Amino acid sequence: MTPSEGVLSHILSALRFDKEGALFTQGLGYAPVDYYPGLLKNMVLSLASELRENHLNGFNTQRRMTPERLASLSRVCVPLITLPDVDPLVEALLVCHGHEPQEILQPEFFEAVNEAILLKKISLPMSAVVCLWLRHLPSLEKAMLHLFEKLISSERNCLRRIECFIKDSSLPQAACHPAIFRVVDEMFRCALLETDGAPEIIATIQVFTQCFVEALGKENKQLRFALKTYFPYTSPSLAMVLLQDPQDVPREHWLQTLKHISELLREAVEDQTHGSRRGPLESWFLFIHFGGWAEMVAEQLLRSAAEPPAALLWLLAFYYSPHDGRQQRAQTMVQVKAVLGHLLAMSGSSSLSARDLQTAAGQGTETDPRAPAQPLVRRLLLHFVLWAPGGHTIARDAIALMAHTAEITHEIIGFLDQTLYRWDRLGIESPRSGKLARDLLKELRTQV
């Protein structure tokens, strides 16, 4: 029996038309090999057409397909999911919504379709994939877990590869529907909490958000859903300014945009009247989605000889220590301002050493209780060695002093990879800094 014969026999048998069909075709004098392929195609198209009409008929009960028949069709399709001839029927079942209070399609149908999609055994339109994940939450959760597994098994700290995995998952495109976005975002939140805010998870959230925003722009220039449906616990004005892609904002306006972001975040975090209903961590979780802005703050501070704006100091302190209260954050701002002053004063020095840099940054001793958060200090040092003319000559020595554990080495690799990825997206051209970052990244990757 050919594959077409097997599929057709399965459908006819399930729908109890096998005996009648066999008698009819035998009476016409046709052999199965002559009519099975064409009959299968016509039957699938006919069923798909009937399902579409069923969907359009709405509450016209006389012309609607019965729930029992829909359930039977979904059950019949389970072993046939990966056969190309059945794709139209699978798609029609997914997009056909009944009016019953409970789902009538079989769970095993959804599971089989989802498994085939994840393993690239079938290719369905995005509208059908969205319907699948909206109608069957376990399938969406499994798609997210499948993405997590691929990310865990891939090379650490490689945003290009992460971006490929994320786009290939279809999740950013499907997340244009707020209900799917909220589930995906909640799973990212859980991963972030379970890993104590691991930098790799933050970077993955940022890449996913970037892909999601791109998909949102391609789907429709005007938002089909209000921003509040995607980010329900924050002010629409804050979400709107963060959604701006830095590459769409003139560079001379970057500083002003960062100040505006800081003002809105500070109001949400510190003003109890207008603050987020879920506290400062909700505002921080929103902010980390938009890495294009978050990672730009230290760079802007170190590349300007002017007095560091208090708004940017606050933004930097909040990004790295969201749990701090107002008084602690103010103290960190003072310390960061002092570190920046030392680094900027040393930027033109001709006899700069890695030890001088470390001491000036307040890292002379690990036990100094007045020292700012170590990751924040390391970020300032790394930005300095990439941008300051004097920093290039001592970059390797400075990193050798910083990278005294494997975890810090991975942190530095992540910073370099993320910086190069961001510069490429924003079209930032700095041949010397770019070459240095690439060389350092290559050297460090050979050490881990």
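This is a short talk on the salt bridges, the largest pocket and the largest cavity of one structure.

Okay, thanks everyone. One thing up front: this is a predicted model, so please keep that in mind as I go.

Let's start with the charged pairs. Side chains of opposite charge can pair when their charged atoms come close. How many salt bridges does the count come to? It's 26. I'll pick out three of them, and then a network.

Pair number one is Lys 150 with Asp 168, at 3.7 Å from N to O. Lys 150 sits in helix 8, residues 137-153, and Asp 168 in helix 9, residues 159-168, so this bridge ties together parts 18 residues apart in sequence. Are these two buried or exposed? Lys 150 has a relative accessible area of 26%, so we call it partly exposed. Asp 168 comes out at 36%, and that is partly exposed too.

Next, Glu 200 and Arg 156, whose side chains meet at 2.5 Å, N to O. This one links distant parts of the chain: Glu 200 is in helix 12, residues 199-219, while Arg 156 is in the loop between helix 8 and helix 9, 44 residues apart. Glu 200 is partly exposed at 21%, and Arg 156 is partly exposed at 33%. Hang on to Glu 200, please; we'll meet that residue again at the pocket.

The third pair is Glu 299 with Arg 422, at 3.1 Å from N to O. Glu 299 lies in helix 18, residues 296-302, and Arg 422 in helix 24, so here the bridge ties together parts 123 residues apart in sequence. Where do they fall on accessibility? Glu 299 is at 2%, and since buried means under 20%, Glu 299 counts as buried. Arg 422, at 7%, is buried as well.

Let me stay with Arg 422 for a second. Its helix, helix 24, covers residues 406-426. Which residues does Arg 422 touch, leaving aside neighbours within four places in sequence? They are Gly 291, Gly 292, Glu 295, Met 296, Glu 299 and His 383. So the bridge partner, Glu 299, is on that contact list.

Now the network. Salt bridges link Arg 160, Glu 163, Lys 167, Glu 214, Asp 245, Asp 424 and Arg 425. Remember Arg 425 for the cavity.

On to the empty space. The largest pocket has a volume of about 1200 Å³. Its lining takes in 49 residues, and nearest the centre are Gly 197, Pro 199, Glu 200, Ile 201 and Ile 202. So Glu 200, from our second bridge, is back. Several helices supply at least two lining residues each, among them helix 8, helix 9, helix 12 and helix 24. By type, the lining divides into 24 nonpolar, 11 polar and 14 charged residues.

And what about cavities? There are 3 of 30 Å³ or more, and the largest has a volume of about 310 Å³. Of the 23 residues lining the largest cavity, those closest to its centre are Gln 206, Gln 210, Gly 291, Gly 292 and Arg 425. There's Arg 425 from the network, and the two glycines, Gly 291 and Gly 292, are contacts of Arg 422. Which helix gives the most to this lining? That's helix 12, with 7 residues. Helix 17, residues 291-294, and helix 24 each supply at least two. The split for the cavity lining is 10 nonpolar, 8 polar and 5 charged.

That's what I have. Questions?

Note on methods: Residues are numbered from 1 along each chain as its sequence is written. This is a predicted model: local features need pLDDT of at least 70, side-chain atom pairs count only at pLDDT 80 or more; totals for chains, interfaces and linings use all residues. Side-chain values use heavy atoms; hydrogens and water are left out. Helices (H or I, at least four residues) and strands (E, at least two) are DSSP runs, numbered from the N terminus. Contact means heavy atoms within 4.5 Å. A salt bridge is a side-chain nitrogen of Lys or Arg within 4 Å of a carboxyl oxygen of Asp or Glu. Buried means under 20% relative accessible area, exposed over 50%, partly exposed in between (1.4 Å probe, protein chains only). On a 1 Å grid over the protein atoms alone, a cavity is a set of points where a 1.4 Å probe fits but cannot get out, and a pocket is an open set with protein on both sides within 12 Å along at least five of seven lines; lining residues have an atom within 4 Å of a point. Grid points are joined across faces, edges and corners, and a volume is the space filled by probe spheres set on the points. Ala, Val, Leu, Ile, Met, Phe, Trp, Tyr, Cys and Pro count as nonpolar, Asp, Glu, Lys and Arg as charged, and the others, Gly among them, as polar.
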